[in-house]
Amino acid sequence: MANEMLRALAIALLSGVCAMGCGGKEGSGSGGGDDGSGSGGDRGVPPGAAPCAVRDVEGTIPGVTLSIESSRCVYWRSEPAEFVYTVTTDSSVPPLDIAASDGCGRCVEPSADPRSFVTYQITGLSTAGDPQQYCLCDTGCCAPNDAATVQLDATTATQTIRWSGRQWTGPSDTDNPEDEFFAPGTYDVEVTFDGQEQGSVTAKLPIEIVR
């Protein structure tokens, strides 16, 4: 009877140990790689971080200016960021002639809202010389666009770019996931107003990613 009691006690003790630790090897490597999954915010603000902006950038199309601003332009690797761009148009902007698309069309229909002519990307080379990019370049194949002429509103419109800190070129038709975090380096938040044959405006806000 004593032996049976000791055996039962041993089994109970082993079961308790396994409940706390057995199987730990399988999960122990899940966070061991440098995947940058943790937010950089728990380290505070990086040295040199401060509000930054480029304002009222002009281009080759009259009556259109672009501005970009952010609470800061230095971020830890894996830290999300937000950038606000402003597109201003006045009454001197000429009518914009939109050519019919050959094949897939733009997935944003041009309208009197100047933001419908704006695209953006975050791009550049890492410190090691590797290209990094985040954009909505590939949004899949949308219906072809008909030729049109658009007169923009005279207005000031803003939009927030919410960036995860990762590389990505868009969802395409296959719901592409985002890729790895940007490596440390200096990059540009690049916003472009594309008036096609009538001209364009591009503003660039330099940012830095640090480890």
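**A walk from strand β1 to the largest pocket**

Asp-56 counts as exposed, because its relative accessibility is 55% and the cut-off for that class is over 50%. The model is predicted, so this value, like the others here, is computed from predicted coordinates. Asp-56 sits in strand β1. Its backbone deserves a look: phi is near 55 degrees, a positive value in a residue other than glycine.

Arg-55 shares the setting. This residue also belongs to strand β1, which spans residues 52–57. Its relative accessibility is 54%, so Arg-55 counts as exposed as well. Which residues does Arg-55 touch, leaving out those up to four places away in sequence? They are Leu-66, Ser-67 and Glu-69. Arg-55 also has a distant partner in sequence. Leu-205 is 150 residues away along the chain, yet the two C-alpha atoms are separated by 9.6 Å.

Now step back to the whole chain. The protein has two helices and 11 strands. Both helices come before the strands in sequence, in the pattern α-α-β-β-β-β-β-β-β-β-β-β-β. Contacts reach far along the chain. Take those between residues at least 6 apart in sequence: 71% of them join residues at least 24 apart. Of the 211 residues, 33% are buried. The accessible surface comes to about 12,200 Å². Carbon and sulfur atoms account for 52% of that surface.

How far can the coordinates be read? The mean pLDDT is 84. A value of 70 or more is reached by 81% of the residues. Residues 1–38 stand apart from that picture, with pLDDT under 50 throughout. For this stretch the model has nine contacts beyond four places in sequence. Where pLDDT is low, the predicted coordinates should not be read in detail.

Next comes the largest pocket. Its volume is about 590 Å³, and 23 residues line it. Which of them lie nearest its centre? They are Arg-106, Val-108, Val-118, Thr-119 and Leu-136. Three strands each supply at least two lining residues: β6 (118–126), β9 (155–163) and β10 (185–194). Strand β6 gives the largest share, with four residues. What is the character of the lining by class? Nine residues are nonpolar, nine are polar and five are charged.

Two of these pocket strands lead on to loops worth a stop. After β6 the chain enters the loop towards β7 (131–135), and Ala-128 lies there. Ala-128 has a relative accessibility of 68%, so it counts as exposed. In sequence, Ala-128 and Pro-184 are 56 residues apart. In space, their C-alpha atoms are 8.4 Å apart.

The other loop joins β10 to β11 (200–210), and Gln-196 is placed in it. Is Gln-196 buried, partly exposed or exposed? Its relative accessible area is 31%, so Gln-196 is partly exposed. That value falls between the limits of under 20% for buried and over 50% for exposed. The backbone of Gln-196 recalls the starting point. Its phi is positive, at about 55 degrees, although Gln-196 is not a glycine. Asp-56 likewise has a positive phi, near 55 degrees. The settings are a strand, β1, for Asp-56 and a loop for Gln-196.

Methods:
Residues numbered from 1 in each chain as written. Predicted model: local features only at pLDDT ≥ 70, side-chain atom pairs only at ≥ 80, totals over all residues. Heavy atoms only, no water. Buried < 20%, exposed > 50% of the residue type's maximum accessible area, 1.4 Å probe, protein only. Contact = heavy atoms within 4.5 Å. Areas by Shrake-Rupley, 256 points an atom, 1.4 Å probe, with all protein chains shown as cover. pLDDT = per-residue confidence, 0-100. 1 Å grid on protein atoms, 1.4 Å probe; cavity = no way out; pocket = protein on both sides within 12 Å on 5 of 7 lines; lining within 4 Å. Points joined across faces, edges and corners; volume = space filled by probe spheres on them. Nonpolar A, V, L, I, M, F, W, Y, C, P; charged D, E, K, R; others polar.
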